[in-house]
Amino acid sequence: QTCALPILCWVCLVLVLIIIIASLPIINNWLSNSRKAALDDDYISKELDSYIDRNLDKIIENIQEKSKYATRDNMFKNKISQYKDEIFDLTYPCFGNESSHIIAVGFFDYSCGYCKAIKDDIKQLIDDGKIKYIFRDTPILGDGSLKAAKSALAVYFIDKKKYFAFHHAALSYKEEFSDDSILSIIQNIGISKSDFNKSMKNNMSKIEQMINNSRLLVRNLGIGGTPFLIIGDSLFVGATDLSILRKKVDELSNN
């Protein structure tokens, strides 16, 4: 019996030690968090100061770049507003949802590789059924482009619905345009050579005026090349991804 109490004390002491050892990670974490909470503001402030010092040139360059784009976007919005009657001219080839209040306008060149690359996306955008889409033939890449643009508009004056068939076929053509290649496209979409030649002769003054108006408009807008699209008051230059164009259309649909 004299030994029972000391043994019990030793057992208790061991249990206490075990509990303390098991609790060390929790205690350490608590102490660490307490120190961290006290140091967070000073630490973050010093790190930010250090980051800014190391990257000041990049930060300034980034701010200037964003400012430049914001200025450019505002400039184009003003240009679009200034020339809206010329831009959204429904006397040019127009397809899509006739009752839609959302109008997209595409400027393109049949010899332009980027215009060719987005032809299926443009077709899909029209097929979505949410917009009216105006086509502006803007040949800037030489005689072949000009021949194709004139031919497209000659088709438009024969049969408005077949304009898009020519448009898509011409953008799918990978060689340089010639009289023979254009005539082949014309006949493949179901227009006779005689009807085509008659339209070219009878409508040439209107065709040339339409092309010249589009070229002048591009110059007034200050755009350097094709393709570019205008949707609402927004300008999209180059081969813009279909998802971005759809997002803009959806924004306008919800307004």
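**Note on helix α9 and the neighbouring sheet**

1. In this predicted model, helix α9 has L242, L245, K248, V249 and L252 as its buried residues. These residues lie on the same side of α9, because they cover an arc of only 125° around the axis. In general, an α-helix has 3.6 residues a turn, so residues three or four places apart point the same way.

2. The length of α9 was also examined. The helix comprises 12 residues, 242-253, and at 1.5 Å a residue it should span 16 Å; the C-alpha atoms at its ends are 16 Å apart, so the expected and modelled values agree.

3. What covers the buried residues of α9? The cover includes helix α4 (119-127) together with strands β4 (228-231) and β5 (234-237).

4. Strands β4 and β5 belong to an open sheet of 5 strands, whose order is β1-β3-β2-β4-β5 and whose pairing is mixed. At the edges stand β1 (94-96) and β5, each of which pairs on one side only. From one strand to the next, the twist averages 20°.

5. Within this sheet, β4 pairs with β2 (residues 103-108) in the antiparallel sense, over 4 bridges. One position can be located by residue: G106 is opposite L229 of β4. As a general point, strands of a sheet pair through backbone hydrogen bonds, either parallel or antiparallel.

6. Helix α4, already named as part of the cover of α9, lies across β1, β3 (132-137) and β4. Its direction is at about 145° to that of β3. Strand β4 is thus a useful reference for the reader: α4 lies across β4, and β4 is included in what covers the buried residues of α9.

Notes. Residues numbered from 1 in each chain as written. Predicted model: local features only at pLDDT ≥ 70, side-chain atom pairs only at ≥ 80, totals over all residues. Heavy atoms only, no water. Helix = DSSP H or I, 4+ residues; strand = E, 2+ residues; numbered from the N terminus. Expected span 1.5 Å × (residues − 1). Buried < 20%, exposed > 50% of the residue type's maximum accessible area, 1.4 Å probe, protein only. Arc of directions from axis to C-beta. Contact = heavy atoms within 4.5 Å. Pairing = 2+ DSSP bridges. Axes fitted to C-alpha atoms, helices over the stretch in contact; angles between N-to-C directions.
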